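Please study the sequence and the three-dimensional structure shown below before attempting the exercises. Each task is followed by a solution in steps.

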Amino acid sequence: MEKEVLTLHLAEPWYSMIVSAEKMEEYREIKPHWIKRLTTNCEVPYDVAAETHYGEVLYRPYTHVLFVKGYPKGNEPSVEKKIVDITIGKPKKGLCPKEFLNKEYFIIKFK
């Protein structure tokens with residue numbers, strides 16, 4: 001399988017938590033921008049929410065995620081992790097801003 005890399009820019013403290021392996025999943029809102037970047041068969045939040053009507057959500061074949069601290073030229077500093085899974089669910093307390101809790105997001109799990 002060919003390596004496919006998803007690049008995500010992060011702020012502190014999330015970047016440092018990923019580098020230290022304290023955080024092993026990243027969250028993205030279920031909005032048109034992320035739906036287009038992460039899925040192949042969905043276009044709007046309704047498509048993602050109505051998986052039973054449209055079948056299973058199909059994710060793009062990303063194999064790795066490159067986390068970049070901020071928006072620097074040359075994408076440095078950065079760390080690359082192997083993607084385990086991309087799903088939809090609720091984030092874990094302590095691994096995201098408090099306002100993210102109790103709402104569903106795309107969850108990018110990595111090792």
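The exercises that follow concern a predicted model.

**Exercise 1. The sheet**

Task: State in which order the strands of the open sheet are arranged, and identify the edge strands.

Solution:
- Step 1. The open sheet is formed by 5 strands, and their order is β1-β3-β4-β5-β2.
- Step 2. The edge strands are β1 and β2 (25–28), each of which pairs on one side only.
- Step 3. The pairing in the sheet as a whole is mixed.
- Step 4. On average, neighbouring strands are turned by 40° against each other, with direction ignored.

**Exercise 2. The partners of β4**

Task: Determine how β4 pairs with β3 and with β5, and name bridge partners.

Solution:
- Step 1. Strands of a sheet pair through backbone hydrogen bonds, in either a parallel or an antiparallel manner.
- Step 2. β3 and β4 are antiparallel and share 5 bridges. F67 has V79 in β4 as its bridge partner.
- Step 3. β4 and β5 also run antiparallel, joined by 6 bridges. Here D85 stands opposite K109 in β5, and I83 stands opposite F110 in β5.

**Exercise 3. Two residues in strands**

Task: Classify E26 and T87 as buried, partly exposed or exposed, and describe their surroundings.

Solution:
- Step 1. E26 is found in strand β2. Its relative accessible area is 5%, which lies under the 20% limit, and E26 is therefore buried.
- Step 2. Leaving out residues up to four places away in sequence, E26 touches L8, L10, I18, F67, F106, I107, I108 and F110. In addition, the side chains of E26 and K23 are joined by a polar contact of 2.6 Å.
- Step 3. T87 is located in strand β4. Its relative accessibility is 23%, between the limits of 20% and 50%, so T87 counts as partly exposed.
- Step 4. With residues up to four places away in sequence again left out, T87 touches Y59, Y105, F106, I107 and K109. The C-alpha atoms of T87 and T39 are separated by 10 Å, although these residues are 48 residues apart along the chain.

**Exercise 4. The nonpolar cores**

Task: Describe the largest nonpolar core, and say which elements supply at least two residues of it.

Solution:
- Step 1. The largest nonpolar core has 20 residues. Those with the most contacts inside it are L8, L38, V48, V65, F67, F106 and I108.
- Step 2. At least two residues of this core come from each of the strands β1 (5–10), β3 (64–69), β4 (78–89) and β5 (105–110), and likewise from each of the helices α1 (14–19) and α2 (32–38).
- Step 3. V48 serves as an example: beyond its neighbours within four places in sequence, V48 is in contact with I30, I35, C42, V57, I88 and F106.
- Step 4. Another core, of 7 residues, lies apart from the largest one; W14, L95, C96 and Y105 are among its members.

**Exercise 5. Cysteines**

Task: State how many disulfides the structure holds, and decide whether C42 and C96 are buried or exposed.

Solution:
- Step 1. A disulfide is a covalent bond between the sulfur atoms of two cysteines.
- Step 2. The structure holds 0 disulfides.
- Step 3. C42 has a relative accessibility of 7% and therefore counts as buried. C96 is likewise buried, at 7% relative accessibility.

How values were computed:
Residues numbered from 1 in each chain as written. Predicted model: local features only at pLDDT ≥ 70, side-chain atom pairs only at ≥ 80, totals over all residues. Heavy atoms only, no water. Core = buried A, V, L, I, M, F, W, Y, C linked by side-chain atoms within 4.5 Å. Buried < 20%, exposed > 50% of the residue type's maximum accessible area, 1.4 Å probe, protein only. Helix = DSSP H or I, 4+ residues; strand = E, 2+ residues; numbered from the N terminus. Contact = heavy atoms within 4.5 Å. Pairing = 2+ DSSP bridges. Axes fitted to C-alpha atoms, helices over the stretch in contact; angles between N-to-C directions. Polar contact = N/O pair within 3.5 Å; in protein donor to acceptor, adjacent residues only side chain to side chain. Disulfide = S-S within 2.5 Å.
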